[in-house]
Amino acid sequence: IQELLRVMRTIDDRIVHELNTTIPTASFVGKVDPGQTCKELYESLMDAHTSRERIIKNCISQTSAAVKTLKEEREKADEDVALLKQLRKEQTKV
């Protein structure tokens, strides 16, 4: 989860940086091709979105697998309170 949050923050930071540096100010409008700049920014945003989606799906998959394993362990050890807490924690993540 921490890795996911770190990567998502990095992607968000890159998007903000790109917006701040890509859109020309009034004094630079004539020196930049707005169509090409917009296209490149769009492609960058789409790449970031695809990466974010892949990371989120991977996190969900890993957490779901952990929940499945913990449920199986829980069936074998009904009285294990620590195991139940860990199971609930993982279920909350999903």
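**Entry 1: Ile60 and its surroundings**

I began with Ile60 and found this residue in helix α2, which spans residues 34-76. The model I am reading is a predicted one. I looked up the accessibility of Ile60 next: the relative value is 42%, so the residue counts as partly exposed. I then asked which residues make a nonpolar surface patch with Ile60. Ile56 and Val94 join Ile60 there, and the patch covers about 240 Å².

**Entry 2: Confidence**

Before going further I checked the confidence values. The mean pLDDT of the protein is 81, and 86% of the residues reach 70 or more. I noted that helix α1 (residues 2-22) has the lowest confidence, with a mean of 75, whereas helix α3 (residues 81-93) has the highest, at 87. I kept a general caution in mind: where pLDDT is low, predicted coordinates should not be read in detail.

**Entry 3: Salt bridge**

I searched the whole structure for salt bridges and recorded one. The side chains of Lys57 and Glu53 form a salt bridge, with 3.1 Å from N to O. Both Lys57 and Glu53 belong to helix α2; they stand four residues apart, about one turn of the helix. I also compared each partner with the accessibility cut-offs. Lys57 has a relative accessible area of 53% and is therefore exposed, since exposed means over 50%. Glu53, at 36%, counts as partly exposed.

**Entry 4: The annotated region**

I consulted the UniProt record, an unreviewed entry, which places a "coiled-coil region" at residues 60-90. In the model, residues 60-90 are 87% helix and 0% strand. I noted that the C-alpha atoms at the two ends of this stretch are 10 Å apart.

**Entry 5: Glu90**

I turned to Glu90, which is placed in helix α3. Is Glu90 buried or exposed? Its relative accessibility is 8%, so Glu90 counts as buried, the limit for that class being under 20%. I then listed its contacts, leaving aside residues up to four places away in sequence: Glu90 touches Thr63, Ala66, Val67 and Leu70.

**Entry 6: His49**

Lastly I looked up His49, which also lies in helix α2. At 46% relative accessibility, His49 counts as partly exposed. I recorded a separation of 9.7 Å between the C-alpha atoms of His49 and Met8, residues that are 41 places apart along the chain. Met8 falls in the range of helix α1 (residues 2-22), where mean confidence is lowest, and I have marked the entry accordingly.

Notes. Residues numbered from 1 in each chain as written. Predicted model: local features only at pLDDT ≥ 70, side-chain atom pairs only at ≥ 80, totals over all residues. Heavy atoms only, no water. Patch = residues over 30% accessible without salt bridge, like charges linked within 9 Å, V, L, I, M, F, W, Y side chains within 5 Å. Areas by Shrake-Rupley, 256 points an atom, 1.4 Å probe, with all protein chains shown as cover. Salt bridge = Lys/Arg side-chain N within 4 Å of Asp/Glu carboxyl O. Buried < 20%, exposed > 50% of the residue type's maximum accessible area, 1.4 Å probe, protein only. UniProt positions renumbered as here; feature names shortened; annotations may be inferred. pLDDT = per-residue confidence, 0-100. Contact = heavy atoms within 4.5 Å.
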